[in-house]
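Got the model open in your viewer? Let's walk through it stop by stop, with something to select at each one.

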Amino acid sequence: MDSYDVIIIGGGVVGCMTARTLSRYTLRVLLIDQEADIGMGASSANSAIVHAGYDPLPGTLKAKMNVAANPLWDALAGELNFPFERRGDYVVAVGPGELARLDKLLEQGKANGVPGMHTISADEMRHREPNITPDTSGALWAPTGGICDPFAVTIAAAENALQNGVTLKLDTAFTGFIIEGKKITGIHTSHGDFGCRWVVNAAGMYADEVMHQAGVRPEFQITARRGEYAILDRAEITISNVLFPVPSNISKGILVTATLHGNTLVGPNAENLPDKEEHSVSPGGMAELWEGAKRLIPSLQPRHTIAVFAGLRASGNAACATPGVDYGHDFVIEIPREVEGLVNLGGIESPGLTAAPAIALRVVELLKDAGEKLTEKHDFQPIRPARPIFRHLTHDEQASLIRRDSRYGRVVCRCELVTEGEIMAEIHGPIPATTYDAIKRRTWLGTGRCLGGFDMPRVVDILSRELKIPPETVTKKGPGSEFLIRSTKDVEVADAH
Amino acid sequence: MPIKEKYDVVVIGSGPGGLAAAIEAKKNGAEDVLIIERDVEPGGILLQCIHSGFGLEVFGKDMPGPAYAQHFISDALTAGIELLLDTMVIDITPGRRIFACGKHGGLIDIQARALVLSMGCRERTRAQIRLPGTRPAGVYTAGTAQRWVNVEGYMPGRNFVILGSGDIGMIMARRLTLEGAKVEQVLEVMPYLTGLTRNYVQCLMDFGIPLHLSHTVNRIIGNKRVEAIESIQVDERWQPVPGTAQVVPCDTLLLSVGLIPENELSRKAGVKIDPITAGPWVDDGFETNVPGIFAAGNVVHVYDLVDWVTEAGYAAGRSAAQFALREREKERRHIPMIAGLNVRYIVPQAIDKENLKEGDIRLQLRVTQPLEKLVWIEISDGENSITRKRAPYARPGEIITLTIPQRAYDQVAKAGQLRVDVTKR
């Protein structure tokens with residue numbers, strides 16, 4: 001049985017950021033994920049926003065982690081080479097009735113320690129965002145808000161962790177703990193047992209089930225709260241700001257935001273679902289989305305949609321531990337007393353993406369507090385090298401890239417201008433992209449207005465060639481999601497039953 | 001052959017529109033003509049259209065797509081037209097500078113005296129019709145499935161539901177059935193067929209494939225691969241009729257829900273796009289608002305027949321050669337074409353009346369609503385009739401062609417605009 005110092009369950013942004021942070025130390029770390037790729041849960045379907053931190057209630061872990069993490073993002077983006085822009089964000093009041101809420105948010109932001117916030121007039125808001133509703137009555141401006149590509153963040157963190165010695169096992173599902181007395185000594189998985197001294201439970205939607213297996217927090221439950229989104233064609237309309245409505249008690253509301261890919265993103269709504277694997281988009285949800293979006297930007301048109309998707313927030317029911325703070329959906333970041341060797345990261349919904357770097361640092365503190373002697377590696381490599389992105393280059397740079405490697409000359413995705421060279425780099429990358437969706441998340445291929453109609457047969461062909469597998473076994477997102485059934489020359493004989 | 005830095009005429013795309021434009025440009029005196037094609041073979045989408053139905057108007061005989069394309073490929077090569085394959089144009093400027101890249105030629109920078117856009121069209125996707133449900137493997141546009149079956153030789157499913165009664169969808173229903181798949185049903189949200197009647201008869205009726213009008217897909221079911229779809233009836237405002245939802249087990253949903261001209265490059269060059277056709281605004285010489293940039297074929301508006309694409313390509317190629325040779329006057333006196341009663345759009349969007357001296361000018365249009373009775377299609381100057389013709393019906397799925405006769409020159413010359421109405425007789 002292979003043994004590790006730390007096993008991290010879950011390769012979402014929290015798990016990957018934790019793996020990267022732990023890779024600074026002389027620890028043997030294993031990161032497992034049940035899916036065919038990392039980042040397939042909430043990390044790949046969210047608003048892609050690095051929050052300033054005025055939204056969570058003061059005193060909550062959500063507020064602390066958010067505000068602690070926000071300033072870390074610039075350095076992180078530099079080291080890990082992922083795109084990040086600190087554009088700031090607005091909470092836009094519509095009609096006179098909402099202005100009072102802005103003041104309350106401003107107070108909350110100050111209490112949380114968010115720097116630089118102030119309110120602006122309706123005229124100033126109209127000046128900064130010409131598409132804004134004429135009914136705006138003013139806005140709250142938070143200059144430290146930012147936007148990122150959450151999948152790029154997740155993969156960059158994971159790749160850097162691997163560079164620094166972390167082992168990654170995909171398609172590997174946690175099935176139970178190996179416990180001796182009160183101490184966790186390993187885990188059972190779908191691919192055998194692994195020994196360890198520590199388990200970090202970063203299982204996202206399933207973090208409750210993982211801790212229950214260790215007999216911890218039986219009352220803790222994660223509910224899948226669906227958020228639906230629409231992405232708009234950048235050729236039709238481009239909103240370059242991050243615009244929130246005035247929040248309700250249960251969510252930040254339906255926002256309209258710029259993305260780093262230039263397309264405007266609209267969403268999310270919030271709906272609790274009984275099924276943790278329900279990723280469908282609903283007609284009612286779409287109607288709700290457009291109602292919310294048009295309230296901020298009346299000129300947005302549903303027909304400009306180029307993609308719709310739904311993400312699931314892992315919404316927990318843990319009470320805030322700070323005395324006097326009445327809040328029932330806080331993060332769980334703890335070493336529980338019931339067993340030895342477990343770190344729980346549970347209920348990490350929004351602002352979980354923003355908070356991930358601070359949560360990872362908190363894991364280090366918790367381990368130190370538990371008596372773990374952490375020694376920094378002398379050869380830790382903080383820089384994760386970037387790979388070329390053809391569409392971001394000037395024509396001269398494109399020309400020299402193609403001269404160096406001719407595969408960068410063949411455009412496979414016409415809408416997003418993704419080349420065969422980029423696809424090859426990901427298939428043979430540090431965390432090999434072996435499915436269509438894995439390539440899509442890494443290169444942004446197939447996300448444009450033809451939704452992969454052009455590139456799909458070509459990518460299936462490339463994957464088949466590079467992985468040396470028949471085209472019929474190439475998948476969209478792992479086993480069971482094959483694109484093709486058989487060659488036209490093959491004949492299927494009907495089953496006798 | 002090495003690629004030159006300058007060409008008289010550069011054509012983007014080697015589908016039927018591009019091939020015809022290049023051939024006609026050469027025939028009209030352009031010396032250096034280059035076609036840039038992103039695929040490894042010339043011919044465009046025709047190469048995957050192995051069914052017949054091509055060539056009746058141009059050649060007077062029925063041909064499969066690849067044979068139709070081959071005719072023009074051979075003519076182009078014989079005429080000395082240069083063909084740059086496996087090369088994608090990534091940028092064009094209003095001054096007709098073209099940047100393209102390929103695996104073999106690197107990044108190429110070419111200056112064209114005249115440029116013909118013939119990038120064709122792309123298929124509408126599930127997002128554009130806002131199809132709810134999950135995002136599994138097994139949801140494909142009909143054209144993508146057609147490429148897999150006809151070009152690559154792979155079946156993308158066993159049991160199909162097809163959404164949309166467009167031509168590609170109906171043709172694929174027949175094709176998949178012949179390849180051993182089961183097409184459960186074809187759903188059409190409109191109360192009428194959107195493709196050609198002949199395809200309904202030959203592809204659906206002859207194979208016993210049911211067509212359900214006023215029906216759509218309510219949601220897609222299945223997380224990894226499509227397991228079923230839920231169909232639902234819609235009312236006249238496309239709203240679901242409660243109680244009509246039905247789960248139809250299938251492993252593949254094909255979408256044939258319309259085509260959109262592909263104009264991302266056109267926009268980069270500052271070409272004005274007509275919001276109705278989603279293609280460039282063009283005049284009767286198929287010149288766009290940017291002097292020296294022409295457009296031909298489905299990039300302008302989506303045609304019913306490839307033969308008409310070829311004819312549009314000829315016209316654009318002729319104008320492009322004239323421009324390159326400086327025979328085409330720079331100044332245009334455009335008379336706008338106005339879409340009147342029950343007319344959705346007209347191509348060209350404007351005409352130069354001086355061209356009427358050379359001959360009739362052809363217009364093509366689509367109606368908004370189907371009229372199943374005898375109709376009048378009338379061109380007027382807004383008040384007085386210029387010409388009109390009769391038709392047995394007018395349907396949105398079928399383009400109506402009519403001409404402004406040369407003899408109408410005097411009347412047209414005085415008009416500030418021309419208007420077309422399609423009305424019941």
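Start in chain A with helices H11 and H12: H11(A) passes H12(A) in a right-handed crossing. Keep in mind on this tour that you're looking at a predicted model. To find the pair, select residues 420-427 for H11(A) and 436-443 for H12(A). Their axes come within 10 Å and cross at roughly 115°. Now show the side chains at the contact: A:Glu422, A:Ile423 and A:Glu426 come from H11(A), while H12(A) brings A:Ile439, A:Arg442 and A:Thr443. Sorted by class, the residues of this contact are two nonpolar, one polar and three charged.

**Next stop: helix H1 of chain A**

Select residues 13-22 of chain A, which is helix H1. How many of the 10 residues of H1(A) are buried? The count is 10 of 10, so to speak a helix that is mostly covered. Among the buried residues are A:Val13, A:Cys16, A:Met17 and A:Leu22, and also A:Arg20 with its neighbours A:Ala19 and A:Thr21.

To see what does the covering, add strand S1 (3-9), strand S2 (29-32) and helix H6 (150-163) of chain A to your selection. Then bring in strand S12 (192-201), strand S20 (342-346) and helix H9 (352-369) of chain A, which are also included in the cover.

Stay in this helix and pick out A:Gly15, which sits in H1 of chain A. Why does A:Gly15 count as buried? Because it has 32 C-beta neighbours inside 10 Å, and 20 or more is what it takes. Leaving out neighbours within four places in sequence, A:Gly15 is in contact with A:Ile8, A:Gly10, A:Leu31 and A:Ala202. Try a distance label from A:Gly15 to A:Gly352 as well: the two are 337 residues apart in sequence, yet 11 Å apart in space, C-alpha to C-alpha.

**Where the chains meet**

Now show both chains. At their contact, 42 residues of chain B touch 46 residues of chain A. On the chain B side, the elements giving two or more residues include strand S4 (87-92), strand S5 (97-102), strand S6 (106-117) and helix H3 (142-152). The largest share of that side comes from H3(B), with six residues. By class, the chain B side has 14 nonpolar, 13 polar and 15 charged residues.

Zoom in on residues 486-487 of chain A, strand S23, which pairs with S9(B) in the antiparallel sense over two bridges. Look for A:Arg486, which stands opposite B:Met155 in S9(B).

**Into chain B: strands S1, S2 and S3**

Select residues 33-36 of chain B, strand S2. Both of its faces are covered: B:Val33 and B:Ile35 are buried on one side, B:Leu34 and B:Ile36 on the other. Strand S1 (residues 6-12) of chain B pairs with S2(B) in the parallel sense over four bridges, and B:Val11 has B:Ile35 as its bridge partner in S2(B). Follow the backbone from S1(B) through helix H1 (residues 16-27) of chain B to S2(B), and you trace a right-handed β-α-β crossover.

Strand S3 (residues 82-84) of chain B also pairs with S2(B) in the parallel sense, over three bridges. Here B:Ile36 stands opposite B:Leu84 in S3(B). Getting from S2(B) to S3(B), the chain goes through helix H2 (residues 65-78) of chain B, in another β-α-β crossover that is right-handed.

**Two more sheets in chain B**

For the five-stranded open sheet, line up the strands of chain B in the order S21-S19-S26-S23-S24; the pairing is mixed. S21 (350-352) and S24 (385-391) of chain B stand at the edges with a single partner strand each, so one side of each has no neighbour in the sheet. From one strand to the next, the twist averages 20°. Select S23(B), residues 375-380, to see it pair with S24(B) in the antiparallel sense over six bridges. In that pair, B:Ile377 stands opposite B:Lys389.

The last stop is an open sheet of three strands in chain B, ordered S20-S22-S25 with antiparallel pairing. The twist here averages 30° from one strand to the next. Select S22(B), residues 361-367: five bridges join it to S25(B), and the bridge partner of B:Leu365 is B:Ile400.

How values were computed
Residues numbered from 1 in each chain as written. Chains lettered and ligands numbered in written order. Predicted model: local features only at pLDDT ≥ 70, side-chain atom pairs only at ≥ 80, totals over all residues. Buried ≥ 20, exposed ≤ 12 C-beta atoms within 10 Å, placed from the backbone. Pairing = 2+ DSSP bridges. Right-handed = clockwise from strand over helix to strand, strands pointing away. Axes fitted to C-alpha atoms, helices over the stretch in contact; angles between N-to-C directions. Left-handed = near helix turned anticlockwise from the far one by under 90°. Contact = placed C-beta atoms within 7 Å. Nonpolar A, V, L, I, M, F, W, Y, C, P; charged D, E, K, R; others polar.
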